[in-house]
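Colleague: I've got a new model open and could use a hand reading it. Can we go through it together, one question at a time?

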Amino acid sequence: MGFSYQHNDSRPSKVALRRVILATRRSMPPAVRRSADAAIAAAAVAEADRWGARLKRRVTVAAYWAMSDEPGAGLCDRLVAAGHDVLLPLLLPDNDLDWALHTGETTPGPGRLVQPAGPPLGPEAMADADIVLVPALGVASDGTRLGRGGGSYDRALTRVRRDATVVALLYDGEWPHPVPAQAHDRPVNAVITPTSGLVAIAL
């Protein structure tokens, strides 16, 4: 998309990385962001369609409602329109994630979060997902994901099926990106960027 980050291989701290990447995202021109989000959504729906064709059943996608500085605006509704079941997270008081089916209705959550209005299905509903779309600020070549620091997705990803595709949605320049790894970090096995589409990561 002609919009990328400048970084080196020195692997700065996660706090510093978050600050730089978020500032760069917020400076993206609106037209560039819209184009990038549309390309990301198209790639994610195409991956869900491939799963559905292979499994010959409805596909369950654990996704998230993108905030203003996150990739994937409009993606959840596009997945539902394509005939897939979409689970959206509910943030619990201990920062773990519960899940509810996306029916089109949403409600304000903690902070800037938008959450599904449907009844909670429990944290273990994550195990029903064929594809897990996770928010990220950057991903290293080995799948290490840089999140926002709350640890919610690192906990939730312990419940994902072994055969699930765990995909970080990123803007151009955020993959591959040097990310410091810690023991609790749960890697992703794929990324989607506007220019490259879905890219598998060998773990």
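Modeller: Sure, let's begin with helix H2, where Arg33, Ala36, Asp37, Ile40, Ala41, Ala43, Ala44, Val45, Glu47, Ala48, Trp51 and Gly52 are buried (under 20% relative accessible area with a 1.4 Å probe, protein chains only; exposed is over 50%, partly exposed in between). Keep in mind that this is a predicted model, where local features need pLDDT of at least 70, side-chain atom pairs count only at pLDDT 80 or more, and totals for chains, interfaces and linings use all residues. Residues are numbered from 1 along each chain as its sequence is written, and side-chain values use heavy atoms, with hydrogens and water left out.

Colleague: What span should helix H2 have, and how far apart are its end C-alpha atoms?

Modeller: Helices (H or I, at least four residues) and strands (E, at least two) are DSSP runs, numbered from the N terminus. The expected span is 1.5 Å times one less than the number of residues. For the 26 residues of H2, 30–55, that should give 38 Å, which agrees with end C-alpha atoms 37 Å apart.

Colleague: Which element gives the most to the largest nonpolar core?

Modeller: A nonpolar core is a set of buried Ala, Val, Leu, Ile, Met, Phe, Trp, Tyr and Cys residues joined through side-chain atoms within 4.5 Å. The largest one has 49 residues, and Val132, Leu133 and Val139 touch the most other members. The element that gives the most to this core, with eight residues, is H2.

Colleague: Where do the buried residues of H1 sit around its axis?

Modeller: In H1, Lys14, Leu17, Arg18, Ile21, Leu22, Thr24 and Arg25 are buried. They cover an arc (taken from the directions from the helix axis to the C-beta atoms) of only 160°, so they are on the same side of H1.

Colleague: And which residues are exposed on the face of H1 turned away from its buried side?

Modeller: The buried residues of H1 pack against H2, strand S8 (145–146) and strand S9 (165–169). The face turned away from that buried side carries Val15, Arg19 and Arg26.

Colleague: Is Ser68 buried or exposed?

Modeller: Ser68 lies in the loop between strand S1 (60–62) and helix H3 (75–81). Leaving aside neighbours within four places in sequence, Ser68 is in contact (heavy atoms within 4.5 Å) with Arg33 and Arg112. Its relative accessibility is 57%, so Ser68 counts as exposed.
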